[in-house]
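Hi there,

Here is the structure I promised to pass on. Have a look at it first, and then read on for my notes.

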Amino acid sequence: MSKQLAFYVDSQKCIGCFSCAMACKNMYHPEPGVKWRQVYPLSEDIYPHHERAFYSLACNHCEHPTCLECCPVGAYTKREDGIVVHDQDKCIGCGNCVRSCPYGAPQYNPKLKKAEKCSMCWERIDAKLEPACVQACPVKALRIIDLSEFDDAEALHYPPGFPRFESLNPSVRFKLPRHPHVVRRNG
């Protein structure tokens, strides 16, 4: 397998503080309502406990990105490290990518009349820095992995609640939340 950088979401550690999403907003200043990273609480069907569990999601930098395939002007490129980059200068705002991505990663910016999405802070990666979302996580629940070297038998590709689109092969991996220990007082 060639190099494929990916987000690793550790739901055992994630506390749902939204620091990752805020760091992304602070870094790129997208318009209100445009979110490149979102934190989703898991539904009670998936995690039925009083404590809550979360998935922090952004672009999945798929192996076969549909945004890249459907863009009529070549505004998307996939780098050798697997990062799918959107070039807003080339974007004509047709919305094909927004409509075609089943994960909702590309967002339409109504002010610029163009699409935009997470590009994994590729400029920071090239400078040997972590993406803003990863750097901002206070509990290290979000990190970057290289799938060509990643070997964690407990990591999941399609955890409960994450849509399964095998033809795209999303690069994100997950660690499921731990179920709480039940402690009873005797007597």
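With which side chain does the side chain of Glu116 make a polar contact at 2.8 Å? That partner is the side chain of Gln88. Please keep in mind throughout that this is a predicted model.

I began with Glu116 because this acidic residue, found in strand S7 (residues 114–116), is buried yet has no salt bridge. The nearest side chain of opposite charge belongs to Lys25, 7.7 Å away, and a salt bridge needs the nitrogen and the carboxyl oxygen within 4 Å. Besides Gln88, the side chain of Asn109 also makes a polar contact with the Glu116 side chain, at 3.1 Å. Leaving aside neighbours within four places in sequence, the residues in contact with Glu116 include Pro30, Val34, Trp36, His86 and Ala105.

Now for the charges that do pair. The structure holds three salt bridges. Arg79 takes part in a network with Asp81 and Asp126. Between Arg79 and Asp81, the closest N and O atoms are 2.6 Å apart; between Arg79 and Asp126, the N to O distance is 2.7 Å. The pair of Arg79 and Asp126 links distant parts of the chain, 47 residues apart: Arg79 lies in the loop between strand S4 (76–78) and strand S5 (84–86), and Asp126 in helix H4 (residues 122–126). As for accessibility, Asp81 is buried at 10%, Arg79 is partly exposed at 21%, and Asp126 is partly exposed at 43%. Elsewhere, Arg164 forms a salt bridge with Glu166, with 2.7 Å between the closest N and O atoms, and both of these residues are exposed.

The aromatic residues deserve a look too. There are seven aromatic pairs in the structure. One of them joins Tyr8 and Phe150: the ring centres are 5.5 Å apart and the planes are at 55 degrees, so this pair counts as tilted. It links distant parts of the chain, with Tyr8 in strand S1 (residues 5–10) and Phe150 in the loop between strand S8 (142–146) and strand S9 (173–175), 142 residues apart. Tyr8 is buried, at 3% relative accessibility, whereas Phe150 is partly exposed, at 23%. The ring of Tyr8 also has the charged end of Arg143 sitting over it, 4.5 Å from the ring centre. Similarly, the charged end of Arg37 sits over the ring of Phe7, 4.5 Å from its centre. Finally, Tyr55, Tyr103, Tyr158, Phe162, Phe165 and Phe174 form one aromatic cluster.

Happy browsing, and all the best!

Terms used
Residues are numbered from 1 along each chain as its sequence is written. This is a predicted model: local features need pLDDT of at least 70, side-chain atom pairs count only at pLDDT 80 or more; totals for chains, interfaces and linings use all residues. Side-chain values use heavy atoms; hydrogens and water are left out. Helices (H or I, at least four residues) and strands (E, at least two) are DSSP runs, numbered from the N terminus. Buried means under 20% relative accessible area, exposed over 50%, partly exposed in between (1.4 Å probe, protein chains only). Lys and Arg count as positive and Asp and Glu as negative; His and the chain ends are not counted. A polar contact is a pair of N or O atoms within 3.5 Å; within protein, one must be able to donate a hydrogen and the other to accept it, and residues adjacent in sequence count only if both atoms are side-chain atoms. Contact means heavy atoms within 4.5 Å. Rings of Phe, Tyr and Trp (its six-membered ring) pair if their centres lie within 6.5 Å; planes under 30 degrees apart count as stacked, over 60 as edge-to-face and the rest as tilted. A charge sits over a ring if NZ of Lys or CZ of Arg is within 6 Å of the ring centre and within 35 degrees of the ring normal.
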